[in-house]
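Me: Please take a close look at a single part of this model. Start from the chain as a whole, settle on one part, and then set other parts beside it.

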Amino acid sequence: MPDSSAAAWPWVRARLSGLRPAARPGTRRAGGGAAVVRTAVVTDSAAALPAHYVSGLPWDGILTVTPMPVMVGEEIYGEGEDDILETIAVALAAGTPVKTSRPSPGQFEQAYRAAELRGFEGIVSVHISGELSGTVDAARLAAARVGIPVEVVDTETVGMAQGMAVQAAVEAASAGADRAAVAAAAAAQAKRTKVFFYVPSLEQLRRGGRIGAAASLLGTMLAIKPILAVDGGRIVPLEKVRSAARAVARLEEIVVAAAAPRLDDSVCLAVHHFGNPEEAESLAARLEAALPGCPPAQISSLPAVLAAHAGLGVLAVIVGRWSSRPDGGAHRD
């Protein structure tokens with residue numbers, strides 16, 4: 001079953017509709033406003049941004065998504081290549097080694113120089129947690145090599161939690177914010193998101209060094225189904241559950257508890273999966289019923305670089321909260 005289309009993602013659509021098309025860098029908007037687009041945004045593919053969001057942006061070069069490489073056996077793949085998720089799934093089932101790597105500093109340097117050539121005055125580079133990847137280090141190395149000023153933001157998170165920080169940065173940049181303000185918008189949005197997830201097995205996280213070997217062995221021996229979270233940039237255990245069904249049910253309860261206390265249209269949810277789209281859609285439907293004031297969750301496959309570490313059967317839910325409505329109405333944080 002395919003992932004939900006953009007038409008089923010009202011909070012994504014609302015973020016787009018609330019933005020006016022902007023002119024090229026250094027020029028005024030066609031509507032006569034005084035805002036000038038001065039800052040470009042760069043991110044990595046761990047942000048899990050919906051393809052419709054990226055392709056729907058009306059600006060020339062304001063956002064660049066740098067792919068993160070995945071190695072399956074001896075072959076190296078980039079995010080977005082045909083059938084990469086299927087290739088990873090087959091490899092994991094067959095026991096073929098699957099590894100990931102950060103983008104090279106040269107990839108970021110190329111993106112930064114391209115933004116400079118387009119006329120931007122500064123860049124905000126928004127990335128996956130530095131505790132989970134060396135991507136922020138590569139970005140900082142590249143930033144030191146270019147003449148245009150670059151602010152590197154470690155979101156201390158991953159997936160659409162990182163993606164929401166990127167969206168906040170793009171909105172601020174489109175409104176004419178300078179580099180410092182765009183970076184602050186990204187960092188603030190990242191702090192307003194929570195990541196909860198369930199994996200049937202801890203083995204892939206252990207192989208990738210994201211959890212300790214002792215925790216993985218304990219989970220395997222006792223048949224524990226862990227519920228995990230991202231906290232302070234790291235993957236941390238929340239609860240240990242004895243069955244897959246109970247783990248998914250408990251994940252749902254945790255998400256509802258995180259979203260319900262201040263439920264309004266500023267809350268947004270995203271559900272990620274790998275190889276289990278029907279299970280993700282069922283979870284999203286139950287969350288919609290339990291949180292009637294919240295727009296339906298966006299449902300999408302994990303990007304390849306995250307799927308390689310989480311393994312088949314993962315279910316992840318991101319709970320985000322926007323600081324303002326797309327129409328400009330303020331919310332209390």
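Reply:
**From the whole chain to one sheet**

In the protein chain, contacts between residues at least 6 apart in sequence join residues at least 24 apart in 75% of cases. The model is predicted. Its chain has twelve helices and 13 strands. There are 333 residues, and 50% of them count as buried. The accessible surface comes to about 14,200 Å², with 53% of that belonging to carbon and sulfur atoms.

**The parallel sheet**

The part to look at is an open sheet of four strands. Read across, the order is β2-β1-β6-β7, and the pairing is parallel. Which strands are the edges? They are β2 (63-66) and β7 (150-154), each of which pairs on one side only. On average, neighbouring strands here are turned by 20° against each other, with direction ignored.

Now take β1 and β6. Strand β1 covers residues 39-44, and strand β6 covers residues 122-127. The two run parallel and are joined by five bridges. To find the register, start at T39: G122 in β6 stands opposite.

**The helix on the sheet**

Helix α6 (residues 160-174) packs on this sheet. The helix touches β1, β2 and β6. Its direction makes about 170° with that of β1. On a scale that runs from 0 to 180 degrees between N-to-C directions, that value puts α6 and β1 close to opposite directions.

**One residue in that helix**

Look next at Q162, which lies in helix α6. Is Q162 buried or exposed? Q162 is buried, because its relative accessible area of 0% falls under the 20% cut-off.

What does the side chain of Q162 reach? It comes to 3.4 Å from the backbone nitrogen of I128. The contacts of Q162 spread further, leaving aside residues up to four places away in sequence. Among them are T43, D44, A46 and A47. V126, H127 and I128 are also touched. T155 and T157 are on the list too. Two of these names lead back to strands already described: T43 falls within β1, residues 39-44, and V126 within β6, residues 122-127.

**A strand elsewhere, for contrast**

Strand β13 (residues 315-321) pairs in the other sense. Five bridges join β13 to strand β8 (residues 194-198), and the two run antiparallel. Y198 stands opposite L315 in β13. Strand β11 (residues 267-273) also pairs with β13 in the antiparallel sense, over seven bridges. There, V271 stands opposite V317.

How many residues of β13 are buried? Seven of the seven are, so the strand is largely enclosed by the rest of the structure. In a regular strand, side chains alternate between the two faces of the sheet. The two faces of β13 are both covered. L315, V317, V319 and R321 are buried on one side. A316, I318 and G320 are buried on the other.

**Charged pairs**

The model holds nine salt bridges. One of them links the side chains of E109 and R113, at 3.0 Å from N to O. Both residues sit in helix α4 (residues 105-117), four residues apart, which means about one helical turn between them. Their exposure can be read one by one. E109 is buried, at 17% relative accessibility. R113 is partly exposed, at 35%.

Helix α10 (residues 244-259) offers another case, with E253 and R250 three residues apart, about one turn of the helix. They form a salt bridge whose closest N and O atoms are 2.9 Å apart. Salt bridges with shared partners join E239, R246, R250 and E253 into one network. E253 also forms a salt bridge with R246, and there the closest N and O atoms are 3.4 Å apart.

How exposed are these residues? R250 is partly exposed, with a relative accessible area of 23%. E253 is partly exposed at 36% relative accessibility. R246 is partly exposed as well, at 40%.

**Back to the sheet**

To return to the main part: four strands in parallel pairing make an open sheet. Helix α6 packs on that sheet. Q162, in that helix, is buried, and its side chain reaches the backbone nitrogen of I128.

Definitions and conventions
Residues numbered from 1 in each chain as written. Predicted model: local features only at pLDDT ≥ 70, side-chain atom pairs only at ≥ 80, totals over all residues. Heavy atoms only, no water. Salt bridge = Lys/Arg side-chain N within 4 Å of Asp/Glu carboxyl O. Buried < 20%, exposed > 50% of the residue type's maximum accessible area, 1.4 Å probe, protein only. Pairing = 2+ DSSP bridges. Contact = heavy atoms within 4.5 Å. Polar contact = N/O pair within 3.5 Å; in protein donor to acceptor, adjacent residues only side chain to side chain. Areas by Shrake-Rupley, 256 points an atom, 1.4 Å probe, with all protein chains shown as cover.
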